[in-house]
Amino acid sequence: MHLLNLGILAHVDAGKTSLTERLLHTVGVIDEIGSVDAGSTTTDTLALERQRGITIKSAVVSFPLAGVTVNLIDTPGHPDFIAEVERVLGVLDGAVLVVSAVEGVQAQTRVLMRTLRRLRIPTLIFVNKIDRRGANGSAVLDRMTRRLAVPLAPMGRPTALGTRAAGFVPGLAPAALDVLADHDDDLIAAYLDGGVGEARLHAALATQTRRALVHPVYFGSAITGAGVSDLITGIERLLPTADGDPAAPLSATVFKVERGPAGEKVAYARIFSGTLRVRVRVPFGAGAETGGRAEGQEGAGPVEGRGAVRRPEGRVTGLSVFEGGTDVRRDSAAAGRIVKVWGLGGIRIGDALGRPTAVDGHHFAPPTLETVVVPGPGTDRRSLHLALTQLAEQDPLIGVRHDELRGETSVSLYGEVQKEVVQATLAEEYGLDVAFRETTTLCIERPVGTGHAVEFNKKEPNPFLATVGLRVEPAPPGSGVEFRLEVELGSMPYAFFKAVEDTVRETLGQGLHGWQVPDCTVTMTHSGYSPRQSHAHQGFDKSMSSTGYDFRGLTPLVLTEALRRAGTLVHEPLHRFRLEAPADTLGALLPVLARLGAVPETTGALGAACVLQGAVPAARAHELEQRLPGLTRGEGELETAFDQYAPVTRGTIPERPRTDHNPLNRKEYLLNVMRRVGERTI
């Protein structure tokens, strides 16, 4: 059986979910076409999705197509849910990118196309809404050529644009030969020798589409169905089917996790090789090649090396595959399948099942916003923290941060719409009423230089039975935290080394200014301990012998002092921006950009418009978006996307309230740590 895992992607409101409904209806999976406005679509199952008319979670539905089982994955279009799209990209064989014939190429369209090209995912383009007033086929095609900057092959032309009678006349345009010839010298030679037949042209088109060299373009309407049959033909003939050896070792990737009716975890995974079977134990978790979180993200995962945790195993208790518009229970599933898996309690999004595969890591930016979740009347704080932790399991790019001292929990986000999603989910699934404080920007800290500190066992002022020496050095952006040893691994029990490494990673969650320190190398330069001792005829004496507590207690003090000597610099997230506006509005725009800290780096002309490109602090990007219409008579277009973290150079250095025992203040830290030890002893 041939399989095709197909993603539907688009900028918000381009008509992606409506196209999914039309596809399912055309192939006979559903009898009636659902409406986004009425909240009756097949793939938008969450209550908030139906209320808002937007897709929040990816959904899978399958249908047969000329001997091929297509697993159709509808993905969110709103930028706030870009993390959901990211997970899907790694499991696709092909994609359909939906563009509106009215709005044309939008910011998210460009972001998606750049990523699809980088990952070499074969992609068809469907220009939707040709029946809407204002639709313009040639203008949209020209804009796609210019702004997407990819080879396009029009598969026909639209007719009666802007009316209910709008249609699509198939037929390769003459320009397609030029596009295809750029990647096929034999095609040029055949053309010069007397022309190229239609069969040869279509064969070249299929080959180059499957290699992601060319992108066929269809025009149509998801509402009327115009052009949809031609798109289905393109899906069948031009996109590649899944490959993978079912007899090879198991290798699969989890791209979605949800909870079943009984609260059990259900994982969605794409099998790349091998066969997954019920009642068989499989290893899962982050592998050596799966990479960590994106730069600056809360809770960046451990790197490979000394002290890495062995991947857990779990027994698969249930398995289902997608067939005929629903999921069907099976005892096994082979390479190429998308499956739902039960029984793996500790599973997380991004985990590998079986043998880890090389994954490109995060293709999109980390969240750069944060907000405190405020419990409403009758909402228990412990229950709220537990619920938010479970939500973070389903969306690993939403970091949860709990402040025990203030009794507060905060979450990291991409945008304001995510607040509504979190609020609605907590109310509907957990019965918890919450509100939010004002959204703030997430910064990071980076070491400026090299710092070293050491405290010795049984030497003042060290109250712990441990020797720990640490050196902190800066590392390249995005490299993560590396823990190294300059002492012999056999110089003390391995559990003590492990306690130091784990505590180093935890402590780096809050630097000198309270922000995460994501990129540095920490080297253990000194180690020592008091061997296990006991009095005659008595048991183990903790007051004379080192325990893991001593190393966990001392490490934050040593590491913080090393950081203090190295110095850290707070970095804020910067967005790249591209701003297109009438040339005569430039005089009003430039002063506002300057006040917002935006730095134009290039200026160009595009007909009667000017194009500015540069960088703007993420904290001011939303304000720029809000002010743009008034500054440009409503004609300005703005695209922003996370670019990098840069040193804060304006105003007061932002500080983040600490949630630990504050090792920056030795007296306060020791009082807090010793008090907790006393509480456990009583």
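This is a walk through the structure above, from the whole chain down to single residues. Please keep in mind that the model is predicted.

Let us start with the overall picture. The chain is built from 16 helices and 33 strands. Of its 682 residues, 54% are buried. Among contacts with a separation of 6 or more, 75% are between residues 24 or more positions apart. The accessible surface of the chain amounts to about 29700 Å², and carbon and sulfur atoms account for 51% of that area.

A good place to zoom in is strand β29, which covers residues 520–529. Of its 10 residues, 7 are buried, so β29 is largely enclosed by the rest of the structure. Which strands does β29 pair with? Strand β27 (residues 466–474) is joined to β29 by 9 bridges, and these two strands run antiparallel. Along this pairing, you can find leucine 470 standing opposite methionine 524 of β29. Strand β28 (residues 481–485) is joined to β29 as well, here by 5 bridges and in a parallel arrangement. One position to look at is glutamate 482, whose bridge partner in β29 is threonine 521. To get from β28 to β29, the chain passes through helix α12, and this β-α-β crossover is left-handed.

Helix α12 also takes us to the aromatic residues. A general point helps here: two aromatic rings are described by how far apart their centres are and by the angle of their planes. The count for this model comes to 8 aromatic pairs. In one of them, the ring centres of phenylalanine 496 and phenylalanine 551 are 4.6 Å apart with the planes at 25°; planes under 30 degrees apart count as stacked, so this pair is stacked. Phenylalanine 496 belongs to helix α12 (residues 494–507) and phenylalanine 551 to helix α13 (residues 548–566), so the pair ties together parts that are 55 residues apart in sequence. Are these two residues buried or exposed? Both phenylalanine 496 and phenylalanine 551 are buried.

Phenylalanine 642 and tyrosine 645 show another geometry. Their ring centres lie 5.2 Å apart and their planes meet at 65°, so this pair is edge-to-face. Phenylalanine 642 and tyrosine 645 are both buried too. Elsewhere in the chain, Phe168, Tyr218 and Phe219 make up one aromatic cluster.

Rings can also have a charged group over them. Arginine 329 places its charged end over the ring of tryptophan 342, at 3.9 Å from the ring centre. In a second case, lysine 459 lies over the face of phenylalanine 456, 5.2 Å from the centre of the ring.

Close in sequence to that lysine, the loop between β26 (451–455) and β27 holds proline 461. The peptide bond leading from glutamate 460 into proline 461 is cis, with omega near 5°. The loop between β26 and β27 also contains lysine 458. Although lysine 458 is not a glycine, its phi is positive, at about 65°. With a relative accessibility of 62%, lysine 458 counts as exposed.

Further along the chain is strand β32, spanning residues 609–617. Here 8 of the 9 residues are buried, so the rest of the structure largely encloses β32. Strand β30 (residues 568–582) runs antiparallel to β32 and is joined to it by 9 bridges. Within this pairing, arginine 576 has alanine 615 of β32 as its bridge partner. Strand β31 (residues 599–606) also pairs with β32 in the antiparallel sense, over 7 bridges. There, alanine 605 stands opposite cysteine 610 in β32. What sits at the turn between β31 and β32? The two strands form a hairpin with 2 residues between them, and glycine 607 in this hairpin takes a positive phi near 65°.

Our last stop is the loop between α15 (618–631) and β33 (637–647), where arginine 633 is found. Arginine 633 is not a glycine, yet it has a positive phi of about 60°. Its relative accessible area is 51%; exposed means over 50%, so arginine 633 is exposed.

Methods. Residues numbered from 1 in each chain as written. Predicted model: local features only at pLDDT ≥ 70, side-chain atom pairs only at ≥ 80, totals over all residues. Heavy atoms only, no water. Phe/Tyr/Trp six-rings, centres within 6.5 Å; stacked < 30°, edge-to-face > 60°. Helix = DSSP H or I, 4+ residues; strand = E, 2+ residues; numbered from the N terminus. Buried < 20%, exposed > 50% of the residue type's maximum accessible area, 1.4 Å probe, protein only. Lys NZ or Arg CZ within 6 Å of the ring centre and 35° of its normal. Pairing = 2+ DSSP bridges. Right-handed = clockwise from strand over helix to strand, strands pointing away. Contact = heavy atoms within 4.5 Å. Areas by Shrake-Rupley, 256 points an atom, 1.4 Å probe, with all protein chains shown as cover.
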